[in-house]
Amino acid sequence: MILYTAVPLSLVFAGEARPAAPKMEIRVGSACLEVESIGADRVRIVRLISPNPADYLRPEYQPGRELCLYPGIP
């Protein structure tokens with residue numbers, strides 16, 4: 001990829017220096033959710049992997065949604 005810009009490269013790639021959050025996979029039925037940790041018991045969905053097309057229409061599996069790993073535990 002060639003990037004033609006007048007913006008300095010230090011500004012273009014400024015967000016690349018921060019470390020990525022560790023990711024893990026959670027199985028939910030036939031779907032696999034790739035999530036990243038955002039707290040002690042909270043995760044954010046990064047990606048949905050499923051052979052079932054209907055899973056991609058379910059709002060609870062949408063990327064960006066936050067989940068609690070241990071619901072019901074204070």
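Two strands count as paired if DSSP finds at least two bridges between them. By that yardstick, β1 and strand β2 (residues 31-37) in this predicted model pair up in the antiparallel sense, with six bridges between them. One of the matched positions puts Ile 26 opposite Leu 33 in β2.

The next step across takes β2 to strand β3 (residues 42-49), again antiparallel and again through six bridges. Here Glu 34 has Arg 47 in β3 as its bridge partner. As for the connection, β2 runs into β3 through a hairpin of four residues. From β3 the pairing carries on to β4, antiparallel once more, this time over three bridges. Val 43 and its bridge partner in β4, Leu 67, belong to this pairing.

Put together, these pairings give an open sheet of four strands in the order β1-β2-β3-β4, with antiparallel pairing. The edges are taken by β1 (23-28) and β4 (66-68), each of which pairs on one side only. Neighbouring strands in the sheet are turned against each other by 45° on average, with direction ignored. In general terms, strands of a sheet pair through backbone hydrogen bonds, in either a parallel or an antiparallel way.

What about individual side chains? In a regular strand, side chains alternate between the two faces of the sheet. Val 46 sits in strand β3. Its relative accessibility is 31%, so Val 46 counts as partly exposed; the class in question lies between under 20% for buried and over 50% for exposed. Val 46 is also 25 residues away from Pro 71 in sequence, and the two C-alpha atoms are 20 Å apart in space.

Away from the sheet, the N-terminal part deserves a look. Leu 3 is found in the segment before α1 (9-12). With a relative accessibility of 45%, Leu 3 counts as partly exposed too. Leu 3 also belongs to a nonpolar surface patch, together with Met 1, Val 7, Leu 9, Leu 11, Val 12 and Phe 13. Taken together, the residues of this patch have about 770 Å² of accessible area.

How confident is the predictor in all this, and where is confidence highest and lowest? Over the protein chain, pLDDT averages 86, and 93% of the residues score at least 70. Confidence is highest in β3, at a mean of 94, and lowest in α1, at 84.

Definitions and conventions: Residues numbered from 1 in each chain as written. Predicted model: local features only at pLDDT ≥ 70, side-chain atom pairs only at ≥ 80, totals over all residues. Heavy atoms only, no water. Helix = DSSP H or I, 4+ residues; strand = E, 2+ residues; numbered from the N terminus. Axes fitted to C-alpha atoms, helices over the stretch in contact; angles between N-to-C directions. Patch = residues over 30% accessible without salt bridge, like charges linked within 9 Å, V, L, I, M, F, W, Y side chains within 5 Å. Areas by Shrake-Rupley, 256 points an atom, 1.4 Å probe, with all protein chains shown as cover. Salt bridge = Lys/Arg side-chain N within 4 Å of Asp/Glu carboxyl O. Buried < 20%, exposed > 50% of the residue type's maximum accessible area, 1.4 Å probe, protein only. pLDDT = per-residue confidence, 0-100.
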